[in-house]
Amino acid sequence: MRTLRPLSLVLLAACLAASSVATRAAEQEPPPRQQWSFSGPFGLFDRAQLQRGLKVYREVCQTCHGLTMIAFRNLAEPGGPEFTRAQAAAIAAEYQIQDGPNDQGEMFQRPGRLADHFPAPFPNDQAARAANNGTVPPDFSVLAKARTYERGFPWFLFDIVTQYQEQGPDYIVALMLGYEEPPQGVELPAGTQYNKYFPGHAIAMPPPLTDGRVEYTDGAPMTVAQYAKDVAAFMVWAAEPHMEARKRVGFQVMVFLIVFAGLLYFTKKKVWAGVHEPA
Amino acid sequence: MSAHSTYQPSSPFLKWLEARLPIMGLVHASFVDYPTPRNLNYWWTFGGILSFMLAVQILTGIVLVMHYTPHEAFAFRSVEQIMRDVNYGWLLRYLHSNGASMFFIAVYIHIFRGLYYGSYKAPREVLWILGVIIYLLMMATGFLGYTLPWGQMSFWGATVITNFFSAIPVVGDSIVTWLWGGYAVGNPTLQRFFSLHYLLPFVIAGVVVLHVWALHVAGQNNPTGVEPKTSQDTVPFTPYATVKDSFMLIAFCVVYAWFVFYIPNYLGHADNYIQANPGVTPTHIVPEWYYLPFYAILRAIPNKLLGVIALFASILILAFLPWLDTSRVRSATYRPLYRQFFWIFVAVCLGLGWLGSKPAEGGYVIAARILTAWYFIHFLIILPLLGLIETTKPLPNSITEAVLGKSAGRPSLKAAAASPEHRG
């Protein structure tokens, strides 16, 4: 028994007091939690949602944001939007890709193929800055894993068990819906907008989505909220294209390990059966 | 690893080999015959788990290197290529990145087990110091490895940690330039960190051999802290320890797999999915979780040089533990006061870890200072003093007595009922 005596209680109280001094009021509201088809141990992407997300990306985001780590072939691979190869090739063909040098030593443009990656929207960061008011629009390829918000104690401990790891897409959706009139007395730098969820609130990107801007053909609502969710889901897939395989293999591994551990436990009990009795 | 063994080579080839290189006898003596105290609890299974984790890290690391490019322009992208285009590359990388964390979880449990049961006391001082060296090497290796993906935290973590050395008077800045291979963290830094990250695990493996050697000379400590006296007090390593270690290893793997397959980025930092950018400093530069207590100690001290000294002192002080703890009784089971201070110390370390993840401002700094002071007070004042003032509980005469109670030697009722003819 580890009974805590008065001495240790006093010390523990001192530690707790010290840490409660340390807690500060949260300065930023956390993004609201969304429902995602891909959360949890058996989560799968919603194919239609990923396809819609790609549509939003191509019609709205891609003028400024790259997707350079994704190849067109990925669009037809299992565990993603799962276009047919023909569909993915057709999407690729709509892009002009720089190739070369050719036999004359010159670079040339040709239509994209399945093996090509999405082309970058700007040739370099300087060009991106010049076109975007001094900021480089981040590439979408791993962005869903590069954005998060602080969960704080004790929630970060619960997240281990609940497997909550969709902070990235939750933040992205919140950001899309977080444009507001600045509160009174808030001066924004020139060329920035007020966003409730952006760290520091002054975001260089103008509100990108408006209701009805992208035409959906599958009956999904054509609202900013739906666009935001779809593109965020698409970005999660782009950042983690093997997520479905990972969770599937994970379940198999878990079943194996738990059964194996159980067998070893009973083996151990049998082997040790006589040891806790006199020899 | 004594060569005295009851090993009998079973085939002509093994007889031939044994006469020329008694390696099978050595293995037999170390991992089959080796007497282990019969009262070891599950906290003693983490040595085996640590060996397993070292092997996992080396094996996954060797394969990752086949696909990784240690260059500032390609490193970030090559890691993403492993995640996307290498067959099961995502598995290799997540096994390796989470493996580092699991390695540290296991080593912290292993160290605190040693602290609780007094495993550092004579005759195990060298064994303990070798362990401290392994821990230091692990910290270096983990830090170097975190630099390799060349994300924002890689870059800025490397900048902050290497800057420690600039606190050294006079030559500090020159040392930092020498470490970086330039005037800032850059490509030369990345390449030398990669080289060292590949080297150090093999150094660790070498020191682990010494650690196990020292263990097999002194013998294992046990929850009573009373040395085995008769053969009754021990059981052979195989099958007893092997099956117990195997069970715990697989149970540990369940936790490991949970992180790898379900929350692989939980222990990492989102900023490290942004490519290193020397022009943009992250809002909070935070090291990996396993360094956080030491990071809190560093920042608790207002003077940079003293902070760095405190940081290194907080680790090196462990090497002096065998002489700082003056009590003759090893196990906290028989040390009522030490047991309380042990748990306070655990709480202090956890508290420092939490504070290390917080910005160094306001109440956090005050709390970090109190806990840092306590960390050193624990080693420098409490441990030497406790040995002098503490009234310890009576130790059992033997391990067997501790396991079976005073009736050891006489058959228990249960055993007597089961085998009435058997008289102890």
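A helix here is a DSSP run of H or I, at least four residues long, and helices are numbered from the N terminus. Keep that in mind for a proline. Pro239(B) is found in helix α10 of chain B, residues 237-262. A cis peptide bond joins Thr238(B) to Pro239(B), with omega at about 10 degrees. We will come back to cis bonds.

A word on the model. It is predicted. Its scores are ipTM 0.90 and pTM 0.92. For chain B the mean pLDDT is 93. In that chain, 94% of residues reach 70 or more. One stretch falls short. Over residues 409-424 of chain B, pLDDT stays under 50. The model has 17 contacts beyond four places in sequence for that stretch.

Now chain B as a whole. It has 17 helices and two strands. The C-alpha trace spans about 80 × 60 × 40 Å along its principal axes. What radius of gyration would a compact globule of 424 residues have? Near 22 Å, and chain B has 24 Å, which agrees. Buried residues make up 45% of the chain. Look at contacts in chain B with a separation of 6 or more: 74% of them are between residues 24 or more positions apart.

Take one helix, α14 of chain B, residues 336-356. How far should its 21 residues span? At 1.5 Å a residue, the answer is 30 Å. The end C-alpha atoms are 31 Å apart, so the two agree. Many names appear on its buried list, including Tyr338(B), Phe341(B), Ile344(B), Phe345(B), Leu352(B) and Trp354(B).

Leu352(B) leads us to the core. In soluble globular proteins, nonpolar side chains tend to be buried together. The largest nonpolar core in this model has 90 residues. Which of them touch the most other members? Ala106(B), Leu352(B), Ala368(B) and Leu371(B) do. Helix α5 of chain B, residues 89-117, gives this core its largest share, 13 residues. Apart from that core lies another, of 45 residues. Among its members are Phe72(A), Ala88(A), Tyr171(A) and Tyr197(A). Back to Ala106(B) for its partners. Leaving out residues up to four places away in sequence, Ala106(B) touches Phe46(B), Ile49(B), Leu50(B) and Met53(B).

Over to chain A, and Thr148(A). Thr148(A) sits in the loop between α5 (143-146) and α6 (155-162). Is it buried or exposed? Thr148(A) counts as partly exposed, because it has 19 C-beta neighbours inside 10 Å, and buried takes 20 or more. Beyond four places in sequence, Thr148(A) is in contact with Gln167(A), Gly168(A), Tyr171(A) and Ala270(B). Note the chain letter on Ala270(B). Gly53(A) is 95 residues from Thr148(A) along the chain, and their C-alpha atoms are separated by 20 Å.

Last, the backbone. Most residues other than glycine have a negative phi, and most peptide bonds are trans. Here are some exceptions. Phe153(A) and Pro154(A) are joined by a cis peptide bond, with omega about 0 degrees. Pro154(A) is in the loop between α5 and α6 of chain A. Asn133(A) has a positive phi of about 60 degrees. It lies in the loop between α4 (125-131) and α5 of chain A. His201(A) has a positive phi too, about 70 degrees. Its place is the loop between β3 (193-194) and β4 (202-203) of chain A. Asn133(A) is partly exposed, with 13 other C-beta atoms within 10 Å. His201(A) is partly exposed as well, with 18.

Notes
Residues are numbered from 1 along each chain as its sequence is written. Chains are lettered from A and ligands numbered from 1 in the order in which they are written. The radius of gyration is taken over C-alpha atoms; the globule rule is 2.2 Å times the number of residues to the power 0.38. A residue is buried if 20 or more other C-beta atoms lie within 10 Å of its own, exposed if 12 or fewer, and partly exposed in between; C-beta atoms are placed from the backbone. Two residues are in contact if their C-beta atoms, placed from the backbone, lie within 7 Å. The expected span of a helix is 1.5 Å times one less than its number of residues. A nonpolar core is a set of buried Ala, Val, Leu, Ile, Met, Phe, Trp, Tyr and Cys residues joined through C-beta atoms within 7 Å. pLDDT is the predictor's confidence in each residue, from 0 to 100.
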